[in-house]
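Here is a note for a colleague who is meeting this structure for the first time. Please keep the sequence and the model open while reading.

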Amino acid sequence: MTQETTESETDEFREENMGDMVHRLKVRWALQEVLHQAQVNGHLVYGVHDAANELAVDLGTIGLCLLVENPRADPGIQVHCRLIEAYCWECAIPVVKVNSSHKLYEMTKHHGALREPLHCVLVKNLPAQVESVSTLLQFARHSPAPLLKIT
């Protein structure tokens, strides 16, 4: 861990009050739980291109869209992500942005070959009665495409 990373994390804790930190940790845990359950059930769609295809074919089963916020990503990927984000908003699919492609890859336990960074994950068939799902959806609806720091 570098000095810059440590200072960044310390600044984050200084800026947030304890209630906000607990809420963010609860949302991170909910995201981990939702991704784990979806992965076990085969309800995850990985990658920008597969996500676009899934949205075109089977829109009714998509319950959540996760996008990586990375201003240094390839401009073509950024355009694809913006189009997916806009389409999800138009179709009332909750969108949550995360700050780490690598961490999202780890959280989804994606076993495929990672040829490029993971920029988008769709979660299908969300069970609404599960507490972690309701926590995550409440966070997603709090503001348009909120950023969740998962690093």
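The numbered points below go from the overall layout to the cores, one residue and one helix pair.

1. This is a predicted model, in which local features need pLDDT of at least 70 and side-chain atom pairs count only at pLDDT 80 or more, while totals for chains, interfaces and linings use all residues. Residues are numbered from 1 along each chain as its sequence is written, and side-chain values use heavy atoms, with hydrogens and water left out.

2. The protein chain has six helices and five strands, where helices (H or I, at least four residues) and strands (E, at least two) are DSSP runs numbered from the N terminus. Read from that end, the order of elements is α-α-β-α-β-α-β-α-β-α-β. Of the 151 residues in the protein chain, 40% are buried, meaning under 20% relative accessible area, with exposed being over 50% and partly exposed in between, for a 1.4 Å probe and protein chains only. Among contacts (heavy atoms within 4.5 Å) between residues at least 6 apart in sequence, 80% join residues at least 24 apart.

3. The largest nonpolar core, a set of buried Ala, Val, Leu, Ile, Met, Phe, Trp, Tyr and Cys residues joined through side-chain atoms within 4.5 Å, holds 26 residues, of which L31, L35, L66, L104 and L148 touch the most other members. Two or more residues of this core come from each of α2 (18-41), β1 (44-46), β2 (62-68), β3 (95-98), α5 (101-108), β4 (120-124) and α6 (131-142), and the largest share, six residues, is given by α2. Apart from this core lies another, of 16 residues, including V45, L67, I93 and A145.

4. Leaving aside residues up to four places away in sequence, L31 touches L66, V98, M107, L136, L148 and I150.

5. S132 is found in helix α6 and is buried, with a relative accessible area of 4%. Residues up to four places away in sequence again not being counted, S132 touches W29, A30, E33 and V34.

6. The axes of helix α3 (residues 48-57) and helix α4 (residues 75-90), which are lines fitted to C-alpha atoms over the stretch in contact, with angles from 0 to 180 degrees between N-to-C directions, come within 10 Å and cross at roughly 30°. The two helices α3 and α4 are therefore roughly parallel to each other, a label for angles under 35 degrees. On the α3 side V48, H49, A51, A52 and L55 meet I77, H80, C81, I84, Y87 and C88 of α4.

Key
Angles under 35 degrees count as roughly parallel, over 145 as roughly antiparallel, 65 to 115 as roughly perpendicular and the rest as oblique.
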